[in-house]
Amino acid sequence: MLREIWKYTKAAIGHIDPILFACTTLLSLVSIITIISAVDNFGKSKLVMQVAMFVVGNIIMLIVANLDYHWVLDKLWLPMIIFSVLILAVTLLFGSSGDNMETANKSWLVVLKLGSRKIMIQPSEFVKLTLSCTFAKHLDVVKDKINHPLALGGLALHAGAVVGLIFLSGDYGVALIYAGFLAVMLLCAGLSLWYFAGAGGAVILGFPLAWNYVLKDYHRKRIIVGFNPELDPEGKGWQPLLSKDCIINGGFFGIGLRQGGFYEVLTASHTDFIFATICEKYGFVGGSLVIVLLAVMVIRVAMIGYHARGDYGMFLCAGIFGCLFFQTLLNIGMCLAVLPVIGITLPFLSCGGSSMLATYIMMGMAHSVASHAPKNQRTVLKV
């Protein structure tokens with residue numbers, strides 16, 4: 001019995017890409033150790049949640065990695081589209097901005113109430129994967145005529161139905177991530193650069209209208225101060241400036257695990273600004289290590305997509321790559337006080353059940369693409 005269990009477990013583990021697994025595991029362990037070292041400040045519930053998502057996430061990732069991604073995209077694309085639209089519509093109607101949030105964003109959905117405590121999820125985190133899957137399927141169908149207006153119109157309707165709901169919820173930071181990874185997928189599918197140029201021109205021309213009639217006052221202040229926090233050091237600029245102070249205070253080797261620091265008064269130091277906390281505790285060395293691990297992870301996903309069996313895998317990995325790349329870039333940029341604060345988590349590091357679990361499932365799909373690559377390419381991937 002035990003021998004049979006080990007046999008099947010060993011076969012399942014064989015679908016895991018070792019480099020990708022090493023990166024995600026190390027990043028998660030850094031996050032858990034950091035939360036342990038600041039548990040008096042963050043709270044034990046945050047630690048329990050992060051450890052639970054690490055365990056559950058790895059189990060689900062292993063299950064997803066053993067599925068053939070072709071089967072997932074072929075059989076589940078329609079349920080995924082329906083799920084994406086319905087869950088975002090429900091969140092738009094009945095969702096909330098979460099606890100202790102100044103914005104009116106409807107990004108969180110209460111799934112269970114236990115007395116005064118609420119268990120909430122952020123549906124947009126899970127829809128990143130479902131949209132990546134369905135859009136990859138759609139691209140594979142129209143790839144030979146992608147530059148035809150009708151094909152492009154269908155893709156725009158597909159993406160717009162999902163991104164539009166997120167935009168209506170007021171979570172423009174997440175909508176920006178979606179736009180980024182969809183653009184990467186379209187680029188990999190061969191969409192003409194003239195379309196990108198036209199979209200860029202439309203954004204430039206439409207920005208004044210959006211600034212005056214779409215963005216709320218706190219959005220405008222966040223953008224202005226985001227690029228120059230010194231304009232409002234005691235208001236909107238306080239958080240990014242304090243984040244930068246955390247990073248500077250860490251020096252080369254950091255202040256240590258058990259030492260208190262600026263992170264103790266930094267808002268969202270365990271979620272959106274976890275990178276600042278890591279830099280303060282582990283210094284330049286720790287921060288650099290985190291950036292290297294994130295970079296290796298993102299590049300590895302790109303390599304897996306490049307060696308994928310057919311365009312399905314390439315398009316799917318392009319979406320995962322774009323999501324991880326833009327999320328990492330924007331998060332670290334706002335922690336360094338060079339980009340506006342838009343509420344973006346750092347993959348596998350920020351404390352948060354929805355973000356952690358959804359990203360592990362996303363990695364499971366990347367593992368599936370790697371394990372189902374042609375045999376002659378699998379050897380290359382494992383070097």
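Trainee: How many salt bridges does a search of the whole structure find?
Mentor: Keep in mind that we're looking at a predicted model. Side chains of opposite charge can pair when their charged atoms come close. Searching the whole structure for such pairs turns up a total of 5 salt bridges.

Trainee: Let's take Asp17 and Arg300. How many residues apart in sequence are the parts that this pair ties together?
Mentor: The side chains of Asp17 and Arg300 meet in a salt bridge, at 2.9 Å from N to O. Asp17 sits in the loop between helix 1 (2-13) and helix 2 (18-37), while Arg300 belongs to helix 12, so the pair links parts of the chain whose separation in sequence is 283 residues.

Trainee: And is Arg300 buried or exposed?
Mentor: Start with its partner: Asp17 has 4% relative accessibility, so it counts as buried. For Arg300 the relative accessible area is 3%. The cut-off for buried is under 20%, so Arg300 is buried.

Trainee: Where do Lys128 and Glu125 both lie?
Mentor: Their side chains also meet in a salt bridge, with 3.1 Å from N to O. Lys128 and Glu125 are 3 residues apart, about one turn of the helix, and the helix that holds both is helix 6.

Trainee: What is the relative accessible area of Glu125?
Mentor: Look at Lys128 to begin with: it is buried, because its relative accessible area is 4%. Glu125 is buried as well, and its relative accessible area is 5%.

Trainee: Which residue meets Asp140 in a salt bridge?
Mentor: Here the N to O distance is 3.3 Å, between the side chains of Asp140 and Lys143. The lysine has a relative accessible area of 28%, so it is partly exposed. The partner you're after is Lys143.

Trainee: Now for empty space. What volume does the largest cavity have?
Mentor: Rolling a probe the size of a water molecule over the atoms shows where empty space is left. The structure has 3 cavities of 30 Å³ or more. For the largest cavity, the volume is about 90 Å³.

Trainee: Which helix gives the most to the lining of the largest cavity?
Mentor: The lining includes Leu88, Lys106, Pro123, Leu165 and Asp171. Helix 5 (69-94), helix 6 (123-142) and helix 7 (149-168) are the elements that give two or more residues to it. The top contributor, with 3 residues, is helix 5.

Trainee: How many residues of that lining, in the largest cavity, are nonpolar?
Mentor: Sort the lining of the largest cavity by type: 2 residues are charged and 4 are polar. The nonpolar ones number 6.

Trainee: Which helix gives the most to the lining of the second largest pocket?
Mentor: This pocket, the second largest, has a volume of about 200 Å³. It is lined by 15 residues, and the closest to its centre are Val64, Met80, Leu129, Thr130 and Ile361. Two or more lining residues come from each of helix 4, helix 5, helix 6 and helix 14. The one that gives the most, with 5 residues, is helix 6.

Trainee: How many residues lining the second largest pocket are nonpolar?
Mentor: In that lining, 1 residue is polar and 1 is charged. The nonpolar group has 13.

Trainee: What is phi of Ala268 near?
Mentor: Most residues other than glycine have a negative phi, and most peptide bonds are trans. Ala268 lies in the loop between helix 11 (238-249) and helix 12 (274-306), and it is buried because its relative accessible area is 19%. Its phi is positive, near 60°.

Trainee: Is Ala337 buried or exposed?
Mentor: Ala337 is another non-glycine residue with a positive phi, about 65°. You'll find Ala337 in the loop between helix 13 (311-335) and helix 14 (353-371). Its relative accessibility is 8%, so Ala337 counts as buried.

Trainee: Back on the surface, how much accessible area does the nonpolar patch of Val51, Val55, Val56, Ile59 and Ile63 have together?
Mentor: Take Val51, whose place is in helix 4 (residues 44-65). Val51 counts as partly exposed because its relative accessibility is 34%. Together, the five named residues of this patch have an accessible area of about 390 Å².

Notes: Residues are numbered from 1 along each chain as its sequence is written. This is a predicted model: local features need pLDDT of at least 70, side-chain atom pairs count only at pLDDT 80 or more; totals for chains, interfaces and linings use all residues. Side-chain values use heavy atoms; hydrogens and water are left out. Patches are made of residues with over 30% relative accessible area and no salt bridge: like charges are joined within 9 Å, nonpolar side chains (Val, Leu, Ile, Met, Phe, Trp, Tyr) within 5 Å. Accessible areas come from the Shrake-Rupley method with a 1.4 Å probe; for residues, only the protein chains shown count as cover. A salt bridge is a side-chain nitrogen of Lys or Arg within 4 Å of a carboxyl oxygen of Asp or Glu. Helices (H or I, at least four residues) and strands (E, at least two) are DSSP runs, numbered from the N terminus. Buried means under 20% relative accessible area, exposed over 50%, partly exposed in between (1.4 Å probe, protein chains only). On a 1 Å grid over the protein atoms alone, a cavity is a set of points where a 1.4 Å probe fits but cannot get out, and a pocket is an open set with protein on both sides within 12 Å along at least five of seven lines; lining residues have an atom within 4 Å of a point. Grid points are joined across faces, edges and corners, and a volume is the space filled by probe spheres set on the points. Ala, Val, Leu, Ile, Met, Phe, Trp, Tyr, Cys and Pro count as nonpolar, Asp, Glu, Lys and Arg as charged, and the others, Gly among them, as polar.
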